[in-house]
Amino acid sequence: MGETVNGALAVPFTLEPGEERSVTFALTWCFPNLERFGHEGNQYAALFPSAADAASYLCANFAGLEQATRLYHDTLYETN
């Protein structure tokens with residue numbers, strides 16, 4: 001008790017002066033049997049039996065998911 005576990009993600013690369021680069025990380029998880037708020041299980045467990053399956057879906061559908069997420073965000077924050 002009282003310990004902290006730290007972690008880090010990195011992608012090594014070199015940039016020349018003036019260059020830019022973006023790196024995308026996907027953090028996925030799977031807790032299908034978690035109980036909270038009086039409900040057992042998570043809805044996503046019916047779609048993704050493992051974190052690896054969720055990551056695969058994300059990679060295959062990233063562009064559309066990003067677009068839909070940005071649209072949701074923009075719509076929400078542009079309303080009063």
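A salt bridge is taken here as a side-chain nitrogen of Lys or Arg lying within 4 Å of a carboxyl oxygen of Asp or Glu. The exercises below concern a predicted model.

**Exercise 1.** Determine how many salt bridges the structure holds, and state which residue pairs with E66 and at what separation of the closest N and O atoms.

*Solution.* Begin with the general principle that side chains of opposite charge can pair when their charged atoms come close. Applied to the whole model, the criterion yields one salt bridge. The partners are E66 and R70, whose closest N and O atoms are 3.1 Å apart, and this value falls inside the limit of within 4 Å. Next, consider the placement of the pair: because E66 and R70 are four residues apart in helix α1, about one helical turn separates them. Finally, compare their surroundings: E66, with a relative accessible area of 31%, is partly exposed, whereas R70, at 51%, counts as exposed.

**Exercise 2.** Decide how many disulfides the structure contains, working from a search of the whole structure.

*Solution.* Recall that a disulfide is a covalent bond between the sulfur atoms of two cysteines. The search of the whole structure returns zero disulfides. Taking C30, one finds that the nearest cysteine sulfur belongs to C59 and is 16 Å away, while the cut-off requires two sulfur atoms within 2.5 Å. Starting instead from C59, the nearest cysteine sulfur is that of C30, again at 16 Å, and C59 is likewise in no disulfide. As to accessibility, C30 is partly exposed at 22%, and C59 is exposed, its relative accessible area being 62%.

**Exercise 3.** Locate N42, classify it as buried or exposed, and identify which side chain it meets in a polar contact of 3.0 Å.

*Solution.* First, place the residue: N42 belongs to the loop that runs between β2 (39-40) and α1 (51-77). Second, its relative accessibility is 13%, so N42 counts as buried, the threshold being under 20%. Third, the side chain of N42 is joined to that of R36 by the 3.0 Å polar contact. Fourth, once neighbours within four places in sequence are set aside, the contacts of N42 are F31, P32, L34 and R36.

**Exercise 4.** Name the residues that make the nonpolar surface patch of about 620 Å², and describe where V11 lies.

*Solution.* The patch is formed by L9, V11, F13, L15, V23, F25 and L27. Of these, V11 is found in the segment before β1 (35-36), and at 34% relative accessibility V11 counts as partly exposed.

Methods: Residues numbered from 1 in each chain as written. Predicted model: local features only at pLDDT ≥ 70, side-chain atom pairs only at ≥ 80, totals over all residues. Heavy atoms only, no water. Buried < 20%, exposed > 50% of the residue type's maximum accessible area, 1.4 Å probe, protein only. Patch = residues over 30% accessible without salt bridge, like charges linked within 9 Å, V, L, I, M, F, W, Y side chains within 5 Å. Areas by Shrake-Rupley, 256 points an atom, 1.4 Å probe, with all protein chains shown as cover. Helix = DSSP H or I, 4+ residues; strand = E, 2+ residues; numbered from the N terminus. Polar contact = N/O pair within 3.5 Å; in protein donor to acceptor, adjacent residues only side chain to side chain. Contact = heavy atoms within 4.5 Å.
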